[in-house]
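Trainee: I've got a structure open and no idea where to begin. Could we go through it together?

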Amino acid sequence: MTIPEVINDMRCYIDGNDDCISASSVELADLSSMTTDVKGIGIAGTMSAPIHGHFESLEVKVNWQVPTKTAMRYHGGKAIKLEAYSDVQGFDSGAEEYTHDRYRVVVRGRVKSYSGGSLEAGNTSGSSTTIEAHYYKLEYGGETLAEIDKYGYKAVIGGKDLLAQVRKNIGMD
């Protein structure tokens with residue numbers, strides 16, 4: 001049995017360039033469904049109903065060790081494409097061998113904010129860039145786990161396109 005254990009290493013590319021050397025981590029977006037309150041006949045009270053295939057804000061944050069020229073280039077609504085590649089190290093207990101799979105994140109969006117962090121001798125700054133993603137894709141071991149394209153009306157989770165019938169019903173397909 002193989003158990004994924006740790007992110008062995010990673011690289012991050014902005015607009016196709018290997019410019020994220022000073023990044024310390026990338027915080028991935030939460031996949032939270034948009035909801036609306038529903039009440040009325042047949043419902044005992046009020047409930048928050050998820051809107052199928054629609055997601056709340058998809059924020060991705062790049063945390064920088066120190067403010068850099070790369071970090072400062074991205075501000076105030078600037079369009080950005082980020083790709084993060086990581087190696088997921090696992091261990092196969094039956095074969096008693098390490099395993100390695102690729103985990104890839106693709107983000108297209110606009111810069112929402114830049115936080116300068118703080119300056120302290122002998123420490124990192126805690127600066128960060130927050131991206132509002134309109135396209136978000138997660139791949140693991142060559143399989144697409146999630147692909148959300150807000151402008152393209154696409155929301156594929158676990159191999160199923162949640163918005164396929166919606167696109168058809170509103171005349172997009």
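Mentor: Let's start with a small detail, the side chain of Ser127, which makes a polar contact with another side chain. Here a polar contact is a pair of N or O atoms within 3.5 Å; within protein, one must be able to donate a hydrogen and the other to accept it, and residues adjacent in sequence count only if both atoms are side-chain atoms. Keep in mind that this is a predicted model, where local features need pLDDT of at least 70 and side-chain atom pairs count only at pLDDT 80 or more, while totals for chains, interfaces and linings use all residues. Residues are numbered from 1 along each chain as its sequence is written, and side-chain values use heavy atoms, with hydrogens and water left out.

Trainee: So which side chain does the side chain of Ser127 make a polar contact with?

Mentor: Ser127 lies in strand E8; strands (E, at least two residues) and helices (H or I, at least four) are DSSP runs, numbered from the N terminus. The polar contact is 3.0 Å, and the partner is the side chain of Ser125.

Trainee: Is Ser127 buried or exposed?

Mentor: Buried means under 20% relative accessible area, exposed over 50%, and partly exposed in between (1.4 Å probe, protein chains only). Ser127 touches residues including Val62, Trp64, Tyr114 and Gly117, not counting residues up to four places away in sequence; contact means heavy atoms within 4.5 Å. Ser127 has 0% relative accessibility, so the label is buried.

Trainee: Which residues touch the most other members of the largest nonpolar core?

Mentor: A nonpolar core is a set of buried Ala, Val, Leu, Ile, Met, Phe, Trp, Tyr and Cys residues joined through side-chain atoms within 4.5 Å. The largest one has 30 residues. Strands E1 (2-14), E2 (23-27), E5 (59-64), E6 (79-92), E7 (97-115), E8 (127-140) and E9 (143-149) each supply at least two of them. The residues you want are Leu82, Val107 and Tyr136.

Trainee: Ile7 is in E1. How exposed is Ile7?

Mentor: Ile7 touches Ser86, Asp87 and Val88, leaving aside residues up to four places away in sequence. Its C-alpha is 6.0 Å from that of Gln89, although the two are 82 residues apart in sequence. Ile7 still counts as partly exposed, because its relative accessible area is 45%.

Trainee: And where does Ile41 lie, and how exposed is that residue?

Mentor: Look in the loop between strand E3 (33-39) and strand E4 (46-55). From Ile41 to Asp149 it is 35 Å, C-alpha to C-alpha, with their positions 108 residues apart in sequence. Ile41 is exposed, because its relative accessible area is 91%.

Trainee: What is the bridge partner of Tyr135 in E9?

Mentor: Two strands pair if DSSP finds at least two bridges between them. E8 and E9 run antiparallel and are joined by 6 bridges. They form a hairpin with 2 residues between them, and Gly141 in the turn has a positive phi of about 60°. The partner of Tyr135 is Asp149.

Trainee: Then which residue in E10 is the bridge partner of Asp149?

Mentor: E9 and E10 run antiparallel too, with 4 bridges. This hairpin has 4 residues between its strands, and Tyr153 in the turn has a positive phi of about 55°. Within E10, Asp149 is paired with Lys154.
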